[in-house]
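Me: I have a model open on my screen and would like to understand the labels people attach to its residues. Could you take me through the reasoning behind them?

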Amino acid sequence: MNLITEQIILLITGMVLLLMGIYSVFTAKNLLKSVMSYQVAVFGVNLTLFSSSLSFIGMQRLLGDTFVFISIVVGAAVEVVGLAIVVAVFRKFGTLNPAEIRRLIH
Amino acid sequence: MYSELISLILCVGLIVASFLGLSSKRVSASLIFLFYSSVFLGMIFTVFGDSLLGLLHMVTYAGALSVMLLSVILMTGQSDLSMHSKNLSKIVGVITIAVAAFAALFIFTHSAGNSQIFSQDISLQLLSFMWQFRPWDLLIIVMVFMSSMLVLANLFSRGE
């Protein structure tokens, strides 16, 4: 098993995580679960970015690692903003069910 | 062979933990599985020679964001934390602490320069000063993970 095979394993894992996360963001019945699904999707993106930089060495590898670093930081910041929105929505509507919130709005 | 097997096991563990986290009906159980998947991803980064990213990922997601998610769960009253059995909550707490401690040990043993089987570790060369006091780093990271997970285990048993 060489590096290409490991890269493919990481790519497939990242793709599976990304698809699972995106699917669950839209189908979750709790806003907190949607935020968690977003986190899983970010994991998939991080893993895919990381696997794409594995075959390089030197500064190119460092560039790929920098992309992953930026992705980690931005993903964490976006998730914190999402959590703040979840808390604000809960204080306004008293529920975290998206269908219930939609019903209360109309 | 040994390292490829480890990476394969970690990838399977990451997918399984994420799937369980997304498919679980209880939000608190999802949080626990999400913690596991964060640890697995940090370990994958470390196995492939990038211990700085692994450490950063674990500190950010398994440490800070897990605690923040937990606080939001408690604030919104979604905390179905009761596990209906004190022994079960203790077992989950012990397993979680063991996984966190193993991950911390894993990162620091693989960052000691013996992870050259995959690639050259650039981040280690850049941050070589960081690894000169490895016992202290190890102690601090184990304390951080253990304290956060002890809080989690305590919250599990508090719902009874």
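Me: Happy to start with one serine. Why is S30(B) called buried?

Reply: Buried means under 20% relative accessible area, exposed means over 50%, and partly exposed is in between (1.4 Å probe, protein chains only). S30(B) has a relative accessible area of 0%, so S30(B) is buried. You will find S30(B) in helix α2 of chain B; helices here are DSSP runs of H or I with at least four residues, numbered from the N terminus.

Me: Before we go on, what sort of model is this?

Reply: It is a predicted model, in which local features need pLDDT of at least 70 and side-chain atom pairs count only at pLDDT 80 or more, while totals for chains, interfaces and linings use all residues. Residues are numbered from 1 along each chain as its sequence is written, chains are lettered from A and ligands numbered from 1 in the order in which they are written, and side-chain values use heavy atoms, with hydrogens and water left out.

Me: Thanks! Which residues is S30(B) in contact with, leaving aside its neighbours within four places in sequence?

Reply: Contact means heavy atoms within 4.5 Å. On that basis S30(B) is in contact with K33(A), M36(A), G21(B) and S24(B). K33(A) sits in helix α2 of chain A, and besides S30(B) it touches A28(A), G21(B), L22(B) and S24(B), not counting residues up to four places away in sequence.

Me: What makes K33(A) buried?

Reply: Its relative accessible area is 9%, so K33(A) falls on the buried side of the cut-off.

Me: How many residues does each chain bring to the contact, and what is the area buried between chain A and chain B?

Reply: Chain A gives 40 residues and chain B gives 40 residues. Buried area is the accessible area (1.4 Å probe) that two parts lose on being put together, summed over both. Here that comes to about 3,700 Å², with carbon and sulfur atoms giving 79%. Helices α1 (3-27), α2 (31-52) and α3 (59-93) of chain A each supply at least two residues of the side of chain A that touches chain B, and α3(A) contributes the largest share, 15 residues.

Me: Why is the pair of F50(A) and F48(B) called edge-to-face?

Reply: Rings of Phe, Tyr and Trp (its six-membered ring) pair if their centres lie within 6.5 Å; planes under 30 degrees apart count as stacked, over 60 as edge-to-face and the rest as tilted. The centres of F50(A) and F48(B) are 6.4 Å apart and their planes are at 80°, so this pair is edge-to-face. It crosses between chains, from helix α2 of chain A to the loop between α2 (27-47) and α3 (51-75) of chain B. F50(A) is buried at 0% relative accessibility, and F48(B) is buried at 1%.

Me: What makes D65(A) and R61(A) a salt bridge?

Reply: A salt bridge is a side-chain nitrogen of Lys or Arg within 4 Å of a carboxyl oxygen of Asp or Glu. The closest N and O atoms of D65(A) and R61(A) are 3.9 Å apart. These two are four residues apart in helix α3 of chain A, so about one helical turn separates them.

Me: And why is R103(A), which meets E100(A) in a salt bridge at 2.9 Å (N to O), called exposed?

Reply: R103(A) has 52% relative accessibility, so it counts as exposed. E100(A), with a relative accessible area of 30%, is partly exposed.
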